[in-house]
Amino acid sequence: MKLQIIANAQGEILATAIISKEMVEGDDPPEEIGVIPEPGQMIYEVDAPDNVARMSALELHENYRLEVKSPAAQLVQIKR
């Protein structure tokens with residue numbers, strides 16, 4: 001599953017949107033889909049692993065962050 005994620009420079013997940021095939025390949029796909037970052041925030045598109053795809057948005061925000069320093073952003077589980 002593809003996710004659009006807004007994160008700050010530290011990789012804290014601030015907002016998410018699910019991008020599904022049905023949304024972009026239907027008979028009348030919308031022109032724009034997604035979330036809009038505020039100043040100081042960046043938007044990333046990542047492939048979410050199956051275990052993350054089954055989580056609620058709250059679980060994702062509480063348990064994951066983005067590694068944004070690598071060439072391609074990656075979801076990283078927060079160690080507690």
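Select Ala9 and show its surroundings. Not counting residues up to four places away in sequence, Ala9 touches Gly40, Val68 and Lys69. This is a predicted model, so treat each stop as part of a prediction. Ala9 is found in the loop between β1 (2-7) and β2 (13-19). Is Ala9 buried or exposed? Neither label fits: at 48% relative accessibility, Ala9 counts as partly exposed. The cut-off for exposed is over 50%.

Now add Leu66 to the selection. Draw a line from C-alpha to C-alpha. Ala9 and Leu66 are 9.4 Å apart in space. In sequence, 57 residues separate Ala9 from Leu66.

**Next stop: Asn8**

Step back to Asn8, which also sits in the loop between β1 and β2. Asn8 counts as buried because its relative accessibility is 14%, and the limit for buried is under 20%. Show its side chain. A polar atom of that side chain lies 3.0 Å from the backbone nitrogen of Gln10. Then look for partners farther along the chain. Leaving out residues up to four places away in sequence, Asn8 touches Leu14 and Gly40. Gly40 has come up before: it is also touched by Ala9.

**The hairpin**

Select β1 and β2 together. They form a hairpin, with five residues between them. Click on Gly11 in the turn. What is the sign of its phi? The phi of Gly11 is positive, at about 90°.

Follow the two strands away from the turn. β1 and β2 pair in the antiparallel sense, over six bridges. For one place where the strands face each other, pick Ile6. Ile6 stands opposite Ala15 in β2. Strands of a sheet pair through backbone hydrogen bonds, either parallel or antiparallel.

**The other side of β1**

Keep β1 and add β3 (residues 42-47). β1 and β3 also pair in the antiparallel sense, over six bridges. Pick Ile5 this time: Ile5 stands opposite Tyr44 in β3.

Now show β1, β2 and β3 at once. In what order do the three strands lie in the sheet? The order is β2-β1-β3, in an open sheet with antiparallel pairing. β2 and β3 are the edge strands, as each pairs on one side only. Turn the view to look along the sheet. From one strand to the next, the twist averages 25°.

**Salt bridges**

Stay with the sheet and select Lys2 and Asp47. Their side chains meet in a salt bridge, 3.0 Å from N to O. Lys2 lies in strand β1 and Asp47 in strand β3, so this pair ties together parts that are 45 residues apart in sequence. Check the surface at both ends. Lys2 counts as partly exposed, at 34% relative accessibility. Asp47 counts as exposed, at 58%. Side chains of opposite charge can pair when their charged atoms come close.

How many salt bridges are there? The count comes to two. For the other pair, select Glu67 and Arg65. Their side chains meet at 3.2 Å, N to O. Glu67 is partly exposed, with a relative accessible area of 25%. Arg65 is partly exposed too, at 29% relative accessibility.

**Between two helices**

Move on to Met55. Where does Met55 sit? Its place is in the loop between α2 (50-53) and α3 (57-63). Met55 counts as partly exposed, at 25% relative accessibility. Leaving aside neighbours within four places in sequence, Met55 is in contact with Leu60 and Tyr64.

**Zoom out**

Clear the selection and colour by secondary structure. The protein has three helices and five strands. Walk along the sequence and the pattern reads β-β-α-β-α-α-β-β.

Next, switch to a surface view. The protein exposes about 5800 Å², of which carbon and sulfur atoms supply 50%. What share of the 80 residues counts as buried? The share is 25%, and Asn8 counts as one of the buried residues.

End with the contact map, if your viewer has one. Consider contacts between residues at least 6 apart in sequence. Of these, 51% join residues at least 24 apart.

Terms used
Residues numbered from 1 in each chain as written. Predicted model: local features only at pLDDT ≥ 70, side-chain atom pairs only at ≥ 80, totals over all residues. Heavy atoms only, no water. Helix = DSSP H or I, 4+ residues; strand = E, 2+ residues; numbered from the N terminus. Buried < 20%, exposed > 50% of the residue type's maximum accessible area, 1.4 Å probe, protein only. Contact = heavy atoms within 4.5 Å. Salt bridge = Lys/Arg side-chain N within 4 Å of Asp/Glu carboxyl O. Areas by Shrake-Rupley, 256 points an atom, 1.4 Å probe, with all protein chains shown as cover. Pairing = 2+ DSSP bridges. Axes fitted to C-alpha atoms, helices over the stretch in contact; angles between N-to-C directions. Polar contact = N/O pair within 3.5 Å; in protein donor to acceptor, adjacent residues only side chain to side chain.
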